[in-house]
Amino acid sequence: MCGGTVNYISHLKCRQCARTYEIEPIAACEECWAPLEVIYDYDRIRSEVPRESLESRARTMWRYRELLPLDQEPWVGRSTGFTPLLPAPRLAKALGAREIYLKNDAVNYPTLSFKDRVVAVALGKAREFGFDTVGCSSTGNLANSLAAQAAAGGFKTFIFVPADLEPEKLVNTRIYGATLIKVRGNYDQVNRLCSEISQKYSWGIINVNLRSYYSEGSKTFGYEIAEQLGWRLPQNIVVPMAGGSLITKIHKAFGELQKLGWVESAATKFFGAQATGCSPITTAVKQKTCEITPQKPNTVVKSLAIGNPADGFYAAKLILESGGAGEDVSDAEVVDGIRLLAETEGLFAETAGGVTVAVARKLLRLGRLNPAESIVLAITGNGLKTVGAVSGELGASEAIRPRLADFEEQYLNVHAAASV
Ligand SMILES: *Cc1c(COP(=O)(O)O)cnc(C)c1O
Ligand SMILES: [Zn+2]
């Protein structure tokens, strides 16, 4: 499907001290513990891969394969990515903005969140490194995606989650036969347990020792936005943040496209969105610092509930340097955001999508987002997986008798007496 196995990966490089490493299953620098980043041979890509050569390729995330870290054909997730970028005129009108687009990973394949992108890359790499057992710590969507794709890829799988996850997220993990370990603790405690496990067992923990490769999958969300805008970058993008990886990788993607000359240079402003009950990154950004103070999460937005975000420093830095902003919203505003998106554009997003929409509304009201410029909202997960967050808000409706008069009386306010 991907025609040949040419790859352009060069090495891993520490984001802090620039020390380089071979392509191995390690994610942190041995000198300074900063994250390691995959570096490609961009000069060779520029000379050997014209942008036009992508046009005839399948509409999946693998159309950008030269910018992904696999040596071989993808092992799983061959249909993942290339989700719709939807103009959202009714939402734009409601928010008083001119041009809003929704990047809709609520319909990503196979498990309806953007995490399918990172898992597809991580499991391809896990296979290349020879791991037969994989695992992750998760706030929900990663668990769903790893369970599904590891089943399809024939891996043995251990998934660790906080015990208080939404019931939909638990069912959507267990159905695939993965071993699900519920931990009495928050995500940060679950993640620490996974780090210990990855030191003791030679497993591919996709967001621990495979994190450098895993996070590369997020770049495809950014490539697609640019291509779907006609190889242009948006002026503004609003991104929900948990560990802060997605926003940094969209930024990396836009930077690579400019480096390759595939898009005109443009200064996209990045806006980070969190729930107030777990807002370590937006709190730092509002204080104009990149130093993250960890928090204890307390919010209905469980998919973003990471109190000590691994990439928080880099996320805050890029937001500040881009001229964007960080903002957070209450759980009630999240529910309003979910409903507004559903009622204006017919798209049911999970709580993280409610955060994105509500933060965009708040930033427009505060004058931090320019309503005359193009704005992309990152919709990263599907509302069917967090139904409980909104079901209580919709009000109960009483059943009627199967009679025309009952319908008219209750729903059209036509009283039976009036027709006598
Ligand atoms: C994981 C997740 C995010 C954010 O991911 P990070 O890369 O950790 O910041 C956003 N939205 C949804 C629905 C997620 O599951
Ligand atoms: Zn280092």
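Start by selecting asparagine 413, which is exposed, with a relative accessible area of 58%. Keep in mind throughout that the model on your screen is predicted. Asparagine 413 belongs to the segment after helix 15 (404-412), and its backbone deserves a look, since its phi is positive, about 55 degrees, although it is not a glycine.

Another residue with an unusual backbone angle comes next. Select lysine 288, in the loop between helix 10 (280-286) and helix 11 (312-322), where a positive phi of about 60 degrees is again found in a residue that is not a glycine. Lysine 288 counts as exposed because its relative accessibility is 62%, the cut-off for that word being over 50%.

For a further backbone feature, select tyrosine 109 together with proline 110, and display the peptide bond between them: this bond is cis, with omega at about 5 degrees. Proline 110 itself is placed in the loop between strand 5 (99-104) and helix 3 (115-129).

**The zinc site and its surroundings**

Now select the zinc ion (ligand 2) and show the side chains around it. Its protein donors are the SG atoms of Cys14, Cys17, Cys29 and Cys32, which lie 2.3 Å from the ion. If you draw the angles among these four donor atoms, you should find values of 97 to 122 degrees, and the site is tetrahedral. Read along the chain, the donors follow the spacing C-x2-C-x11-C-x2-C. Two of the cysteines show how this site links parts of the chain: cysteine 17 lies in the loop between strand 1 (9-14) and strand 2 (20-21), while cysteine 29 lies in the loop between strand 2 and strand 3 (36-40), so the pair ties together parts that are 12 residues apart in sequence.

With a surface switched on, compare how these two cysteines are covered. Cysteine 17 is partly exposed, at a relative accessible area of 39%, whereas cysteine 29 is buried, at 0%.

Strands 1, 2 and 3 can then be selected together, for they make an open sheet in the order 2-1-3, with antiparallel pairing. Strand 2 and strand 3 are its edge strands, each pairing on one side only. Between strand 1 and strand 2 there are two bridges in the antiparallel sense, and lysine 13 is the residue that stands opposite threonine 20 in strand 2.

Before leaving this region, pick alanine 34, in the loop between strand 2 and strand 3, which is buried, with a relative accessible area of 7%. A distance drawn from its C-alpha atom to that of asparagine 108 should read 30 Å, for two residues that are 74 residues apart along the chain.

**A parallel pair of strands**

Move on to strand 7 (residues 156-162) and strand 8 (residues 179-183), which run parallel and are joined by five bridges. To follow the chain from strand 7 to strand 8, trace it through helix 5 (residues 167-174); this β-α-β crossover is right-handed. Within the pairing, select isoleucine 159 and you will find leucine 180 of strand 8 as its bridge partner.

**Aromatic rings**

Finally, show the aromatic side chains, among which the structure holds 10 aromatic pairs. Select tyrosine 64 and tyrosine 223, whose rings form a tilted pair, 5.0 Å centre to centre and with 45 degrees between the planes. Tyrosine 64 is in the loop between helix 1 (42-48) and strand 4 (85-87), and tyrosine 223 is in helix 8 (residues 219-228), so the pair ties together parts that are 159 residues apart in sequence. Both of these tyrosines, 64 and 223, are buried.

The next pair to select is tyrosine 201 with tryptophan 203, which is stacked, at 4.9 Å centre to centre and 25 degrees between the planes. Here tyrosine 201 counts as partly exposed, at 40% relative accessibility, while tryptophan 203 is buried, with a relative accessible area of 17%.

Then select Phe129, Phe131 and Tyr213, which form one aromatic cluster. Add lysine 125 to the view, as it lies over the face of phenylalanine 129, at 5.5 Å from the ring centre. The last stop is tyrosine 42, where the charged end of lysine 259 sits over the ring, 4.3 Å from its centre.

Notes:
Residues are numbered from 1 along each chain as its sequence is written. Chains are lettered from A and ligands numbered from 1 in the order in which they are written. This is a predicted model: local features need pLDDT of at least 70, side-chain atom pairs count only at pLDDT 80 or more; totals for chains, interfaces and linings use all residues. Side-chain values use heavy atoms; hydrogens and water are left out. Two strands pair if DSSP finds at least two bridges between them. Helices (H or I, at least four residues) and strands (E, at least two) are DSSP runs, numbered from the N terminus. A crossover is right-handed if, with the strands pointing away from the viewer, the path from the first strand over the helix to the second runs clockwise. Rings of Phe, Tyr and Trp (its six-membered ring) pair if their centres lie within 6.5 Å; planes under 30 degrees apart count as stacked, over 60 as edge-to-face and the rest as tilted. Buried means under 20% relative accessible area, exposed over 50%, partly exposed in between (1.4 Å probe, protein chains only). A charge sits over a ring if NZ of Lys or CZ of Arg is within 6 Å of the ring centre and within 35 degrees of the ring normal. Donors are N, O and S atoms within 2.8 Å of the metal (3.2 Å for Na, K and Ca); water is not among the atoms, so sites may look incomplete. Four donors count as tetrahedral if all angles lie between 85 and 135 degrees; four count as square planar and six as octahedral if opposite donors are over 155 degrees apart and all others between 65 and 115; anything else is irregular.
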